[in-house]
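Here's a quick walk through a single-chain model, starting with overall numbers and then zooming in on a few residues. Have the viewer open as you read.

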Amino acid sequence: MPSVALAVADGVLHYELSVAVEVFGADLAHIVDPWYDFTLCGSGPVRVDRFRLEPDHGLDHLARADTVIVPGWADTDREPPAELVDAVRAAHTAGARVASLCTGAFVLGAAGLLDGRRATTHWGHTRELARRHPAATVDPDVLYVDNGDVLTSAGKAAAMDLCLHLVRLDHGSAIANRIARRLVVPPHRDGGQAQFITTPVPAPDGHPLSGLFPWVLERLDQPLTVEDLAHRAGMSSRHLTRHFKHLTGTTPLQWLHAQRIRHAQELLETTDAGVDTVAAASGMGTATTLRRHFQRSVGVPPDAYRRTFRS
């Protein structure tokens, strides 16, 4: 059973903390059994805004976890407690995967875990994070950054994106999608998606692209182009690209490619279809093309992915 420990101390943010508890601490054995062995770790009773937490273990227990989650840090002008920083550093040294949510990145930075790595945090704090930790490469534009053993997320909603990303890494895309459905949140937003999108996501009937997304998802097996999408939406390709960027933070082709990879993941997890069939159904054409793009996007070839996450 994989173990997840949530590092808590006076001054953490309750929203990000509750996101981690809801994803990793809920009883979801009816979806995946075993789920996570989840614990709260702190040096004593912790005050989180108006709430009081009683940790299950001391901070030294972080070093026993497979994954350590550090919630947002409320006062970024103040250095996080040394005992918290030391415990997070020790956990990483012991082999734990360490992930920060929102301004929890300042704790990771104080522990030296961001040096030489890409990182992000809430866009309003990225400049200060970069100033305080010049050895890190701080990206203000992305939802989250995955360095393998050190992960950081942007603010608030991006905390959920990163938590679901961790579930996807551990249990596969189909399970992560089921958890997202249970929480009534989008099943997947790529880490590279923009933090700040100038146009708010509209009501289903309030935007010229509202009918385009389901139309595309029903035709992933077909060779769609930007011109095809523009024709369906009744606008020029240039106009479509501008709407797409404002609405999703990415381009039409990047979004389409992500949907094809995600569909291939689900087929590999939930069916016995051969790689050629999966390639055709996801619009990748041939097994060779699927393998190349799948390896680049997911990090492993389709066959290895299936062996790991086959239901």
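The chain exposes about 14,500 Å² of accessible surface, and carbon and sulfur atoms own 51% of that. Areas here come from the Shrake-Rupley method with a 1.4 Å probe, and for residues only the protein chains shown count as cover. Before going further: this is a predicted model, where local features need pLDDT of at least 70, side-chain atom pairs count only at pLDDT 80 or more, and totals for chains, interfaces and linings use all residues. Residues are numbered from 1 along each chain as its sequence is written, and side-chain values use heavy atoms, with hydrogens and water left out.

**The chain as a whole**

You'll find 13 helices and 10 strands in the chain; these are DSSP runs numbered from the N terminus, helices being H or I with at least four residues and strands being E with at least two. The radius of gyration is 20 Å, close to the 19 Å that the globule rule gives for 311 residues, so the chain is as compact as a globular protein of that length. That radius is taken over C-alpha atoms, and the rule is 2.2 Å times the number of residues to the power 0.38. Along its principal axes, the C-alpha trace spans about 60 × 40 × 35 Å.

Of the 311 residues, 52% are buried, with buried meaning under 20% relative accessible area, exposed over 50%, and partly exposed in between (1.4 Å probe, protein chains only). Take the contacts with a separation of 6 or more: 65% of them link residues 24 or more positions apart, where a contact means heavy atoms within 4.5 Å.

On the charge side, there are 31 positive and 35 negative side chains, with the centres of the two sets 5 Å apart. Lys and Arg count as positive, Asp and Glu as negative, while His and the chain ends are not counted. Each charge is placed at NZ of Lys, CZ of Arg, CG of Asp or CD of Glu.

**The annotated C-terminal stretch**

UniProt, in an unreviewed entry, lists residues 210–308 as "domain: HTH araC/xylS-type". Positions follow the numbering used here, feature names are shortened, and such annotations may be inferred rather than shown by experiment. In the model, residues 210–308 are 72% helix and 0% strand, with the end C-alpha atoms 35 Å apart.

Helix α13 (residues 302–309) has Pro 302, Ala 304, Tyr 305, Arg 306 and Phe 309 buried. Their cover includes α5 (157–171), α6 (173–183), α10 (252–270), α11 (275–281) and α12 (287–298). Arg 307 also sits in α13, but Arg 307 is exposed, at 66% relative accessible area. Its C-alpha is 8.6 Å from that of Glu 269, 38 residues away along the chain.

**Tyr 36, His 171 and Glu 16**

Tyr 36 is in the loop between α1 (14–25) and β2 (37–41), and is buried at 7% relative accessibility. Outside its neighbours within four places in sequence, its contacts include Met 1, Pro 2, Phe 24, Leu 166 and His 171. Met 1 is 35 residues away in sequence, yet the two C-alpha atoms are 6.1 Å apart.

His 171, in helix α5, is also buried, with a relative accessible area of 14%. Beyond its neighbours within four places, His 171 contacts Val 32, Pro 34, Trp 35, Tyr 36 and Phe 309.

Glu 16 lies in helix α1. Is Glu 16 buried or exposed? At 0% relative accessibility, Glu 16 counts as buried. Its contacts, again leaving aside neighbours within four places, are Pro 71, Gly 72, Leu 101, Cys 102, Lys 156 and Ala 159.

**Backbone oddities**

Most residues other than glycine have a negative phi, and most peptide bonds are trans. Asp 33 and Pro 34 are joined by a cis peptide bond with omega of about 10°, and Pro 34 lies in the loop between α1 and β2. Two non-glycine residues with positive phi are tabulated here.

| Residue | Phi | Loop | Relative accessibility |
|---|---|---|---|
| Asp 49 | about 55° | between β3 (46–48) and β4 (51–53) | 52%, exposed |
| Lys 156 | about 45° | between β10 (150–153) and α5 | 40%, partly exposed |

Lys 156 has already come up, as one of the contacts of Glu 16.
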